[in-house]
Amino acid sequence: NKLNIVPQNIFTENATQVGSGLEIILLSIALADRLYQEKKKAFLMQKNANNLLEFRVKERTVELEVANKQLLELSNKDTLTGLNNKGFFNDFFNKTLKNAKRNNSDVSLLIIDIDFFKRVNDTYGHLTGDDCLKSVANLLRNTVSRPLDLVSRFGGEEFVIVLPETPSEGANLVAEKIRKRIEEHSFCCSEQKLKLTVSIGIASLSSNRAMSCSEVFSLADSALYQAKNSGRNRSVLSEYSA
């Protein structure tokens, strides 16, 4: 322009300023795009971190739920036999009686006591006695197979069975089935073959009668002592069951 090689006009006179202005505009756009990309990258990283954290929290929550469930199951289990323990039985029996009253249905309770079990411990030792308890527990578990029913170890050589929606006739049949199976079974306990028998007390509560858990249990317990005092190896239905 100064050497008259190109014509003098507004463009040639201001080409440097125009070029600088275009450069600033391009640099501004590039900087804005760079900031946008960095912001987008940071957002995606934060989103991925949040998703990973949420996944790990859910995973840990599931693990805790499983652990709590296992802990609850362990707290409800008898460590020797694997059956439900006395605490679980008390809660279950209480709920069952409430449901029976609400639905006008029958409930039966069996208390099972191994005859002369102290003699087994004294003769063969407590390890053999423990094996006998495990074997009896397995036999009870296999005999009482309805999903509604509950088999629990109550303590010592005593077991309890709750039979929802079962009148006295059905409870008698179940009790006799258990008694005969145990009487006919040869128990292999600590390399010893033993014959065992049980005495069973039965209490049944019909839909037209209201009783507490302790009252029903007391009836079954009294029937059990009647069975033991009558010679053992038998089942007795409480006379007050109705």
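This report covers the sheet, the helices packed on it, a hairpin and one buried serine in a predicted model.

## The open sheet

Five strands make up an open sheet. Their order is 2-3-1-6-7, and the pairing is mixed. Strand 2 (150–155) and strand 7 (235–237) form the edges, each pairing on one side only. From one strand to the next, the twist averages 20 degrees.

At one edge, strand 7 runs parallel to strand 6 (residues 198–205). The two are joined by 3 bridges. In one of these pairings, Gly-201 has Val-236 of strand 7 as its bridge partner.

## Helices on the sheet

Helix 3 (residues 86–103) lies across four strands: strand 1, strand 2, strand 3 (158–164) and strand 6. Its direction is about 135 degrees from that of strand 2. Helix 5 (residues 126–143) also packs on the sheet. Helix 5 touches strand 1, strand 2 and strand 3, and makes an angle of about 10 degrees with strand 3.

## Helix 3 against helix 7

Helix 3 also meets helix 7 (residues 213–229). Their axes come within 10 Å and cross at roughly 110 degrees. Angles of 65 to 115 degrees count as roughly perpendicular, so helix 3 is roughly perpendicular to helix 7.

Helix 3 contributes Phe-89, Phe-93, Asn-94 and Leu-97 to the contact. Helix 7 supplies Cys-213, Val-216 and Phe-217. By class, the contact residues are 6 nonpolar and 1 polar, with no charged residue.

## The hairpin of strands 4 and 5

Strand 4 (residues 186–189) and strand 5 (residues 192–195) run antiparallel. They are joined by 4 bridges. Cys-188 stands opposite Lys-193 of strand 5. The hairpin has 2 residues between its strands. Ser-190 takes a positive phi there, near 50 degrees.

## Ser-108 in strand 1

Ser-108 sits in strand 1 (residues 107–114). Its relative accessibility is 1%. Buried means under 20%, so Ser-108 counts as buried.

The Ser-108 side chain has two backbone oxygens around one of its polar atoms. The oxygen of Thr-166 lies 2.7 Å from a polar side-chain atom of Ser-108. The backbone oxygen of Pro-167 is 3.5 Å from a polar atom of that side chain.

Beyond its neighbours within four places in sequence, Ser-108 is in contact with Ile-161, Val-162 and Leu-163, among others. Its contacts also include Thr-166, Pro-167, Ser-168 and Ala-171. Ala-203 and Ser-204 are on the list too.

Methods. Residues numbered from 1 in each chain as written. Predicted model: local features only at pLDDT ≥ 70, side-chain atom pairs only at ≥ 80, totals over all residues. Heavy atoms only, no water. Buried < 20%, exposed > 50% of the residue type's maximum accessible area, 1.4 Å probe, protein only. Polar contact = N/O pair within 3.5 Å; in protein donor to acceptor, adjacent residues only side chain to side chain. Contact = heavy atoms within 4.5 Å. Pairing = 2+ DSSP bridges. Axes fitted to C-alpha atoms, helices over the stretch in contact; angles between N-to-C directions. Parallel < 35°, antiparallel > 145°, perpendicular 65-115°, else oblique. Nonpolar A, V, L, I, M, F, W, Y, C, P; charged D, E, K, R; others polar.
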